[in-house]
Amino acid sequence: MKALVDIGHPAHVHYFKNFIRIFQEQGNEVLVTARSKEISHELLKLANIPFVSRGKGSNGALGKLLYIAKGDWIIYREARKFKPDIFLSFSSPYAAHVSSLMGKPHIAFDDTEHAKLGRLLYRPFTDLVLSPKAYNGKISKKQKLFDGYMELCYLHPNYFSPNPDIKDLMGLKPDEKFCLFRFVSWNANHDLGHNGINLEMKRKMVHELSKILKVFISSEMELPDDLKPYQFNAPIDRMHEALYYADLVLGESATMASESALLGTPAIYLDDIGRGYTDDLETHGLVWNFTESIEDQEKSLECAIEILQKAEMMKAFNENHRKLIANKIDVTQYLLEEVTNQLNK
């Protein structure tokens, strides 16, 4: 069997890397097409996954429209040569369009409820949509819900094993505590109208938490000079190990908040709309959700300090984490089963 996997974001590399490895070990072939977004190509290289680039895309409305045609053409050109039996992606309109054109099935993951434009572009051409049970959006006839989270494609204990030498790479002592901030660029389609944590508050958060423990910042945008000394500079493929050993993660990334929670690290997430999966993780006592309002930005800082200073909160968190992981599925194995089912129809 042959599968074409389209990658549109660095997170998608993690979603599919174990599937690709296992699928190939079973004697199948995989072709990966990948947008050059942030560190997606670097992650693919580090994972030893060959790929065909489909370019950088565009942030402007007209540019995005033109890129649809370009992305479709590149994938179609490569698919004609590769002749895949199935297409896989995370909500990729390009893979969806080409799969439909070639008369082949397309399976898409989707856990982003407010990405309405993206759904309009990919769902009519998609055969099966896989979403976590925590998904809060309208459920379509093509959609199946699974009892897990996207991050369990790669952070499930079957795949993830952290190396404590990450602390040495970060310049930390083995027992030294630290927290990690994550700031995003807010230029994705579903980020329109969002501003996130304001710069003054970012400075205040870093200053206040630096009194308690070591602080690191991971940012999609260039940091101002006064925050650059806090820049996370360890190898990019070691980020999940940093999240595992962190004492707290705070920021604007839903994915990183979920990753942290599933790795056993308390996470604070700020966003006006939120995500079904971060809401669900909050019901399990693993994520604290706040809006982008000034009031909530202040409350999120107070919450961070409370988590770090109250041992009983961490004890409860650890028990909540143990219970959750024991009751969620291996999402990579689930995808392998769904691919087999789709091809056997």
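Trainee: Which residues form the nonpolar patch on the surface?

Mentor: Keep in mind this is a predicted model: local features need pLDDT of at least 70, side-chain atom pairs count only at pLDDT 80 or more, and totals for chains, interfaces and linings use all residues. Numbering starts from 1 along each chain as its sequence is written, and side-chain values use heavy atoms, with hydrogens and water left out. A patch takes residues with over 30% relative accessible area and no salt bridge (a side-chain nitrogen of Lys or Arg within 4 Å of a carboxyl oxygen of Asp or Glu), joining like charges within 9 Å and nonpolar side chains (Val, Leu, Ile, Met, Phe, Trp, Tyr) within 5 Å. With about 350 Å² of accessible area together (Shrake-Rupley method, 1.4 Å probe, only the protein chains shown as cover for residues), the members are Leu-62, Leu-65 and Leu-66.

Trainee: Is Leu-66 buried or exposed?

Mentor: Leu-66 sits in helix 3, residues 61-82 (helices are DSSP runs of H or I, at least four residues, and strands are E runs of at least two, numbered from the N terminus). Buried means under 20% relative accessible area, exposed over 50%, and partly exposed in between, with a 1.4 Å probe and protein chains only. At 57%, Leu-66 is exposed.

Trainee: What is the strand order in the open sheet of 7 strands?

Mentor: Pairing here is parallel, and two strands pair if DSSP finds at least two bridges between them. For example, 6 bridges join strand 1 (2-7) to strand 2 (29-34), with Val-5 partnered by Val-32. The order is 3-2-1-4-5-6-7.

Trainee: And which are the edge strands?

Mentor: Look for strands that pair on one side only. Those are strand 3 (52-53) and strand 7 (143-146).

Trainee: At what angle does helix 4 run to strand 4?

Mentor: Helix 4 (93-102) lies across strand 1, strand 4 and strand 5, and 7 of its 10 residues are buried. Its cover includes helix 3 and helix 5 (contact means heavy atoms within 4.5 Å). Axes are lines fitted to C-alpha atoms, for helices over the stretch in contact, with angles from 0 to 180 degrees between N-to-C directions. To strand 4, the angle is about 165°.

Trainee: How many residues of strand 8 are buried?

Mentor: Strand 8 (178-183) joins strand 9 by 6 bridges and strand 10 by 4 bridges, in the parallel sense. Both faces are covered, with Phe-178, Leu-180 and Arg-182 on one side and Cys-179, Phe-181 and Phe-183 on the other. The count of buried residues is 6 of 6.
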